[in-house]
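Hello,

Here is the structure you will be working with. Please open it next to this email and look up each residue as you read.

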Amino acid sequence: MKACVVGAGPAGIVTAKVLLEHGFDVTVFDKYHRVGGIWAPDGCYPGLANQSSRRLFEFADLPSRLHYASAAESQRYLEHYARTFGVLDRVRPDTEVVSVRPVDGPGRTGAAGWVVEHEEAETFDYVAVASGAHHHGHLPDLPGRDLFGGTVVHSNEVRAGMFTGRRVVVVGGGKSALDLATHAARLAREVTLVQRKVNWMVPQRLLLGTVGYKWILMTRFGEALLPRYHDPACVRPLDRVDSRVKRVLWWIITRDMLLSAGLYRLPKHLRPDRSLPFHLAHAGVMPPGYVRAVRRGQITAKLGEVDAFTGEGVRLATGDEVPADVVVFATGHRKVFPFLDPSVRVHDSTGRVRLYRGIVPPGADRLGFVGFRQVFNNILGVELTAQWLARHFLGALKTAPDEAAMRAAVDARLDWQERVLPGSGGYDFGPYDIHCADELMHDMGLPAQRTGNPLAEHLLPGGVARRYRLTPAG
């Protein structure tokens, strides 16, 4: 059973490791020189920091002590993991996949395997796409670009030395935008952050700065406060807390997060204008130093939308002009697969990713995607996805619906995501770490409860990989 894995980031290396354990002959292709994906030297911007506190950025069978680690530290762990489990020998670096097409042509796509092209063409029985959701930057097409003589880049393209002594405008309101603005504040002459709205950012510590966020957000009790999960098989009695009780608790959590993140020290227009859990799925961990840099005037934060370039910088929709030497668009990414044959339908007409369980496209055989069922702790998410996909390839899942049932399940899940996780693009499950894990464990016929102690099961961090150490037998 020959299997190809496209990408050697966290999703790719854990998928290769799991497939090897299940008896597949695995080859991994990656366009970068070193494994790690966005954590590799070729894949990250200066100042990129891991959002994970201790014991979160680790796979189930290789503990780490990483704690809000740098990109270099994160990459070293991933490379160590790949070497430890025999994946590194299977990686072909500096090899970009340009085409994945079915051997059998139109019809039941992929039933006879897949042709994978890079410098040459090779045939595989199975393909796992782990190319990452953060590689194809969305760069707005704005008028006046030819007038502006400065540098315009997406956040993916920022490199060391680009900000030093220059006037920098960062466009965006997510974690990467705040990361880059905070990094630029230490180097640039002027820094302006332009964001359409203020997103929620999770402080490293909650409860007035006394308790790490994983003790609140990554427990069954914490997830029970979220809107009810779409899959009835994963709804527990605790999840049926009365909505009025949830509203009161979220009112308390909202104010604690504002205090713990330091946002009460900023002007009101620089705080989120909607109460939690609204848009919690889009929240990152607040970069250390961001609030302090805004308060000290090292970052000028503006609410608005960039309307056009000018000869000196950018113009906002309000008419304000902001001078710049460098404009960075931290405006998200397109979840696209330019190498994938058009006969494989992965998106709907609005661009949302249409994958059953966020893993397999209905109607395509021997093909799966890892890393597009995103949760807060995506190390956990990609490892369990890899375990599910290996069993799917082998026909060993306990729950295996037909194509029509898969399509119906995708429709139901996307409807739920639009209501509960607006703007998730069909791939981001946000804070539902444990519910997502329960769903995959149920499909695999494995116990979702991972401890023998009900208190530990509900009150200790459960959205962590070490609770889900699985073998090919279960």
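Which side chains meet in a salt bridge with 2.7 Å from N to O? They are those of Arg352 and Asp348, and both of these residues are buried. Please keep in mind that this is a predicted model.

Salt bridges

The structure holds 25 salt bridges. Apart from the pair above, two deserve a look.

Arg167 forms a salt bridge with Asp325, and their closest N and O atoms are 3.0 Å apart. Arg167 belongs to strand β9 (residues 167-171), while Asp325 is in the loop between β18 (321-323) and β19 (326-329), so this salt bridge ties together parts that are 158 residues apart in sequence. Arg167 is buried because its relative accessible area is 16%, and buried means under 20%. Asp325, with 22%, is partly exposed.

The other one is between Asp438 and Arg220, where the closest N and O atoms are 2.8 Å apart. Here too distant parts of the chain are linked: Asp438 sits in helix α10 (residues 433-444) and Arg220 in helix α5 (residues 220-224), 218 residues apart. Asp438 has a relative accessibility of 1% and therefore counts as buried. Arg220 is buried as well, with a relative accessible area of 7%. These two residues also belong to a network: salt bridges that share partners join Arg220, Arg236, Asp438, Glu457 and Arg467.

Cysteines

How many disulfides does the structure hold? The number is 0. As a reminder, a disulfide is a covalent bond between the sulfur atoms of two cysteines. Take Cys436, which is in no disulfide: the nearest cysteine sulfur belongs to Cys234 and is 8.3 Å away. A disulfide needs the two sulfur atoms within 2.5 Å, so the 8.3 Å between the sulfurs of Cys436 and Cys234 does not meet the cut-off. Cys436 counts as buried, at 3% relative accessibility. Cys4 is also buried, with a relative accessible area of 0%.

Strands and sheets

In what order do the strands of the open sheet of 5 strands stand? The order is β8-β19-β9-β10-β15, and the pairing is parallel. β8 (151-154) and β15 (300-303) are at the edges; each has a single partner strand, so one side of each is left without a neighbour in the sheet. From one strand to the next, the twist averages 20°. To see one pairing in detail, look at β8 and β19, which run parallel and are joined by 4 bridges. His154 stands opposite Phe329 in β19.

Strands β1 (residues 2-6) and β2 also run parallel, with 5 bridges joining them. In this pairing Val5 stands opposite Val28 in β2. Strand β2 (residues 25-29) is mostly covered, as 4 of its 5 residues are buried.

Backbone

Three places in the backbone are worth checking in the viewer.

- A cis peptide bond joins Leu276 and Pro277, with omega at about 5°. Pro277 lies in the loop between α6 (243-260) and β14 (284-285).
- Arg357 has a phi near 60°, which is a positive value in a residue other than glycine. Arg357 is located in the loop between β19 and β20 (367-369). With a relative accessible area of 13%, Arg357 is buried.
- Arg366 is not a glycine either, yet has a positive phi of about 60°. Arg366 is in the loop between β19 and β20. At 27% relative accessibility, Arg366 counts as partly exposed.

Surface

Which residues form a nonpolar patch on the surface? They are Leu208, Leu259 and Tyr264, which together have about 320 Å² of accessible area. Leu208 is in the loop between β12 (205-206) and β13 (211-212). Is Leu208 buried or exposed? At 63% relative accessibility, Leu208 counts as exposed, because the word is used for values over 50%.

Regards

Note on methods
Residues numbered from 1 in each chain as written. Predicted model: local features only at pLDDT ≥ 70, side-chain atom pairs only at ≥ 80, totals over all residues. Heavy atoms only, no water. Patch = residues over 30% accessible without salt bridge, like charges linked within 9 Å, V, L, I, M, F, W, Y side chains within 5 Å. Areas by Shrake-Rupley, 256 points an atom, 1.4 Å probe, with all protein chains shown as cover. Salt bridge = Lys/Arg side-chain N within 4 Å of Asp/Glu carboxyl O. Helix = DSSP H or I, 4+ residues; strand = E, 2+ residues; numbered from the N terminus. Buried < 20%, exposed > 50% of the residue type's maximum accessible area, 1.4 Å probe, protein only. Pairing = 2+ DSSP bridges. Axes fitted to C-alpha atoms, helices over the stretch in contact; angles between N-to-C directions.
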